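Biologist: Before we talk about strands and cores, please show me the model, and then I will ask how each label is justified.

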Amino acid sequence: MGVYVNKKENVFTLETKNTHYVIGLDNLGNTHNIHWGKKCRVDDYCLMQNNEKIPSDNNFDHARSEYTPFGKTMFRQCAIKASFFDKCREINLHFKGYESGNNSLKLIYADDYYPLEITLNYELFDGFDIIKRYTTVKNTGNDEIVFERLMSAEISLPGTYPYHIMNTRGEWGAEFSPIDTLLEGGSLHFECRQGRSGHNHSPYFIAYKNADEKIGEVFFANLMWSGNFEVEVNRDFRGATRAHLGMNSFDFEFALSGGECFNTPAVLCGVTQGFSEMSNQLNRFGIKYVLPRNFANTPLPVLYNSWEATEFNVNTKDQSALAVKAAKAGCELFVMDDGWFGERYDDHAGLGDWFVNEQKFPNGLDELIKNVNDLGMDFGLWFEPEMVNPNSDLFRKHPDWAYHYEHRPANEIRWQLVLNMTKPEVQEYIFNRIDTLLSEHNIKYIKWDMNRAISESGAENLKHEKMLWYYHTKAVYDIVDRLRKKHPGVQFESCSSGGGRCDWGVLEHYDMVWTSDNTDSIDRIKIQKNYSLTRPIKTMRAWVTDVNWYNRNTPLEFKFNIAMRGSLSLGGNLSKYTDEEIEECRKWVDLYKEIRNTVQFGDFYRLLDWEKDEISSVFYLNEEKTEGVLFIAAVNTSCMKPAIELKFDGLDDSKVYEYDFDGIHFEYTGGFLKNVGITIDAKKQYYNRIIRIKAK
């Protein structure tokens with residue numbers, strides 16, 4: 001584990017837990033990727049020079065470069081492009097030097113003429129096969145440099161064979177719908193231009209050949225950014241596959257004044273054996289290194305959200321009555337959603353006026369908060385800080401606070417506009433309003449929503465208007481970080497019209513995310529499975545609600561089976577629940593509290609796939625491999641479907657495990673359960689089992 005430098009060969013080897021990432025310098029100072037994969041002897045690595053002459057072409061076009069600048073006779077996609085003071089747009093780099101530590105490497109380059117310095121940064125983490133990469137650009141002169149393209153990382157995949165490339169193609173209510181494309185040639189381009197990471201594509205890629213959950217090399221890279229992003233993967237004629245990840249170069253520029261430097265958003269990349277190991281490394285890594293420290297190692301509470309029960313019609317009496325039911329159901333956090341502020345009686349008005357509605361709450365919020373606290377629950381509130389309704393006191397007072405063009409009409413989405421978050425006065429207003437409410441009331445949770453994309457992207461306050469895409473997202477991060485510092489006992493959830501902001505960038509600042517507005521438990525099987533591929537399970541809020549698409553009449557116990565696979569929440573109209581239904585909720589919530597440490601912090605294994613096997617089964621196992629929880633669910637399997645053998649994963653072969661299944665007690669070794677397994681006959685409609693397994 002660490003960084004090894006072979007000065008004779010000009011080779012740098014980054015050693016992770018199980019892999020090597022190897023970089024070499026050629027005699028011109030260009031940096032090439034030599035190897036990424038299983039470990040070899042460090043002294044064997046060297047840069048093989050390619051002396052093949054290619055007519056009417058350039059060898060550099062086919063190099064596996066670490067970071068390709070625009071210019072010279074290189075015609076493929078570049079990682080960086082800039083305009084200098086004299087309008088030159090070509091970058092010509094030479095290697096300046098390196099800095100290395102036990103778990104870090106910096107490769108430093110400078111332009112041959114212009115005052116531009118570029119540093120490629122690599123960071124390693126003990127016990128992981130994950131490398132954190134980002135790029136630093138520094139203006140060492142006096143004149144402004146304007147970047148047109150500024151990627152966080154360029155990644156070359158080993159070999160010349162085509163890879164399967166995985167990403168998503170979702171939409172609202174269908175987030176994380178997977179796509180898996182065999183890239184034989186050309187480019188795949190995944191992006192978002194909405195000012196958030198979006199519902200459609202995802203800021204990552206997964207690449208594999210002949211891999212499944214357990215075996216085969218799986219390469220992955222996750223961009224830690226919540227704004228417009230770009231992921232492009234290309235395979236050339238000679239079989240080289242390259243990827244670029246970073247802020248979207250669409251409508252982009254970033255200006256760097258003399259003496260300034262800038263770090264791009266980071267990329268978390270790695271290679272593992274099988275998808276399961278990829279997911280578990282990212283799960284453990286997120287908890288240990290990425291999530292905010294306040295609650296990273298604390299189980300998230302079971303929350304109740306009042307939206308489905310009351311929508312905008314909130315008041316002390318009705319919310320308090322719901323709180324009584326939520327407490328009886330075992331909830332630990334009561335969240336009042338939209339409608340508590342300004343003239344907010346529907347979604348046409350009030351956004352931006354973050355003052356308690358005195359008609360709905362004549363005695364203020366404290367009366368309700370006390371009622372909730374007296375029931376043993378914490379209290380939380382919904383906000384949508386980045387938005388404003390034209391029908392609001394804030395907009396009437398500050399119409400210039402929304403993004404706009406002077407001679408173009410504002411296009412409202414959901415009867416709202418987007419606040420110009422690049423303005424310091426807007427940032428201060430948002431911070432001060434939330435800070436005041438947190439300071440004056442016992443609020444322990446904030447759900448931060450963003451229900452529409454950014455349009456009318458005019459920001460007259462900026463010299464370079466296209467920088468708003470960066471500054472908007474940075475402002476969101478900065479405000480939340482300031483609030484966290486002043487109010488360390490408050491948890492924050494990221495929401496964007498469902499799962500529109502569920503990326504690794506937001507996970508540095510928020511404790512959890514709202515996965516999707518679609519809470520139908522059958523749809524959630526697919527949504528949650530694909531969320532789990534690249535994101536920590538703990539961060540995935542999953543609700544039990546009254547939603548039953550197409551009159552499915554899904555049983556309550558089945559809904560709990562699916563929602564208990566993440567951070568369990570309740571969101572149904574509890575005022576309509578019978579005493580028996582509340583008691584059933586309590587039964588499942590109590591069980592979840594017993595197993596949630598394993599679910600939220602344990603390793604996670606996808607055993608059976610609902611779309612392929614007609615059965616969904618996932619298994620959670622604690623770090624000591626002594627306690628596990630198996631979830632099995634099926635909706636309507638074929639009557640002719642034979643019983644299926646379910647084989648566990650992750651267990652200790654030598655340990656003896658015991659569990660009860662359908663009233664029968666079993667004891668088997670981990671090796672038996674992994675290699676032989678148990679028999680599942682899931683022909684019952686809404687088949688549903690949760691099995692706890694323990695080592696003797």
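Modeller: This is a predicted model, and a good place to begin is alanine 153, which stands opposite leucine 245 in strand E17.

Biologist: How do you know that E10 and E17 are paired?

Modeller: Pairing requires at least two bridges between the strands; E10 and E17 (residues 241-247) are joined by 6 bridges and run antiparallel, so by that cut-off they pair.

Biologist: Which other strands are joined to E10 by bridges, judged by that cut-off?

Modeller: Strand E5 (residues 80-83) is joined to E10 by 4 bridges, in antiparallel fashion, with serine 83 opposite valine 146, while E18 (residues 254-256) has 3 bridges to E10, again antiparallel, and there valine 146 stands opposite alanine 255.

Biologist: What makes strand E10 largely enclosed by the rest of the structure?

Modeller: A residue is called buried when its relative accessible area is under 20%, and 12 of the 13 residues of E10 (residues 145-157) are buried, so the strand is largely enclosed by the rest of the structure.

Biologist: Which residues touch the most other members of the largest nonpolar core?

Modeller: They are Trp340, Phe560, Met564, Leu568 and Leu570, in a core of 117 residues, to which helix H10 (residues 579-601) gives the largest share, 8 residues.

Biologist: How do you know that leucine 570 is in contact with residues beyond its neighbours within four places in sequence?

Modeller: Contact calls for heavy atoms within 4.5 Å, and with those neighbours left aside leucine 570 is in contact with residues including Val302, Tyr304, Cys331, Phe560 and Val589. Apart from this core lies another, of 63 residues, among them Leu105, Ile118, Leu120 and Phe252.

Key:
Residues numbered from 1 in each chain as written. Predicted model: local features only at pLDDT ≥ 70, side-chain atom pairs only at ≥ 80, totals over all residues. Heavy atoms only, no water. Buried < 20%, exposed > 50% of the residue type's maximum accessible area, 1.4 Å probe, protein only. Helix = DSSP H or I, 4+ residues; strand = E, 2+ residues; numbered from the N terminus. Core = buried A, V, L, I, M, F, W, Y, C linked by side-chain atoms within 4.5 Å.
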